[in-house]
Amino acid sequence: MTATQHSSSVAEIDPVVLYEILRLRVDVFVVEQECPYPELDGRDLEPTARLLWSTDDDARILATLRVLHDGDDRRIGRVATASSARGRGLAADLMRSAVVECDGRLVRLDAQAHLSGWYARFGFVVDGDEFLEDGIPHLPMTLAATR
């Protein structure tokens, strides 16, 4: 089974695809991690926000993340993979694409603490103290600007 990557602003995404992306995020972050929080935070609607996702041959959403503009910096977040698609490197492929889309700017993310080593594979380094977000330990991480 092959996976195909996509990247788009919310305004350009087919409504059914957008629904499936958002459902995956809720399934992972709210249901699986038992963390009730406002998943739909309004930032997906920002004109410069980009959603990246992978689909299988049947157009099912397998993994997703988003890239936001925070002033001159970029922010990657909402990295999620369907439980049935984990271990295939799909999120890693999306991360590499997201870093390219960040165009050499400083990139920030808030990693769940147990995943900081995974983000380090892409060059991210911890740049602050651990904090709790919705009851889950997180670490602020950055990827240095290259331009």
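## Two loop aspartates, one helix and two pockets

Asp103 sits in the loop that runs between helix H2 (90–101) and strand S5 (107–112). Keep in mind that this is a predicted model, so treat the geometry below as computed from it. Phi of Asp103 comes out near 55 degrees, a positive value in a residue other than glycine. As a reminder, most residues other than glycine have a negative phi. Along the chain, that positive phi turns up just after H2. Asp103 counts as partly exposed because its relative accessibility is 47%, and partly exposed covers the range between 20% and 50%.

There's a second aspartate of this kind. Asp134 also has a positive phi, about 55 degrees, although it is not a glycine. Its loop lies between strand S7 (131–133) and strand S8 (136–143). With 40% relative accessibility, Asp134 counts as partly exposed.

Back to H2 itself. Does its length fit, or not fit, what its residue count predicts? It fits: at 1.5 Å a residue, the twelve residues of H2 should span 16 Å, and the end C-alpha atoms are 17 Å apart, which agrees. Several H2 residues are buried, namely Leu90, Ala91, Ala92, Leu94, Met95 and Ala98. What do these buried residues pack against? Their partners are S1, strand S2 (50–55), S3, S4, S5 and H3.

Now for a residue on S1. Ser8 belongs to that strand, which covers residues 4–8. Is Ser8 buried or exposed? At 6% relative accessibility, Ser8 counts as buried, because the cut-off for buried is under 20%. The side chain of Ser8 makes a polar contact of 3.4 Å with the side chain of Glu12. Leaving aside residues up to four places away in sequence, Ser8 touches Ile13, Ala49, Arg50, Leu51 and Trp53.

On to the pockets, starting with some numbers.

| Pocket | Property | Value |
|---|---|---|
| Largest pocket | Volume | about 830 Å³ |
| Largest pocket | Lining | 36 residues |
| Second largest pocket | Volume | about 250 Å³ |
| Second largest pocket | Lining | 16 residues |

Which residues of the lining lie nearest the centre of the largest pocket? They are Phe29, Val79, Gln112, Leu115 and Tyr119. Helix H1 (15–32), strand S3 (61–70), strand S4 (73–81), H2, S5, helix H3 (116–120) and S8 each supply at least two residues of this lining. The largest share comes from S4, with seven residues. If you're thinking about the chemistry of the walls, the lining of the largest pocket splits by class into 18 nonpolar, seven polar and eleven charged residues.

For the second largest pocket, the lining residues nearest the centre are Glu20, Arg23, Arg60, Ile61 and Leu62. The elements giving two or more residues to its lining are H1 and S3. H1 gives the most here, with six residues. By class, the lining of the second largest pocket has nine nonpolar, one polar and six charged residues.

Some elements come up more than once. H1 and S3 each supply at least two residues to the lining of the largest pocket, and both are named for the second largest pocket as well. H2 likewise supplies at least two residues to the lining of the largest pocket, while its buried residues pack against elements including S4 and H3.

Notes
Residues numbered from 1 in each chain as written. Predicted model: local features only at pLDDT ≥ 70, side-chain atom pairs only at ≥ 80, totals over all residues. Heavy atoms only, no water. Helix = DSSP H or I, 4+ residues; strand = E, 2+ residues; numbered from the N terminus. Buried < 20%, exposed > 50% of the residue type's maximum accessible area, 1.4 Å probe, protein only. Polar contact = N/O pair within 3.5 Å; in protein donor to acceptor, adjacent residues only side chain to side chain. Contact = heavy atoms within 4.5 Å. 1 Å grid on protein atoms, 1.4 Å probe; cavity = no way out; pocket = protein on both sides within 12 Å on 5 of 7 lines; lining within 4 Å. Points joined across faces, edges and corners; volume = space filled by probe spheres on them. Nonpolar A, V, L, I, M, F, W, Y, C, P; charged D, E, K, R; others polar. Expected span 1.5 Å × (residues − 1).
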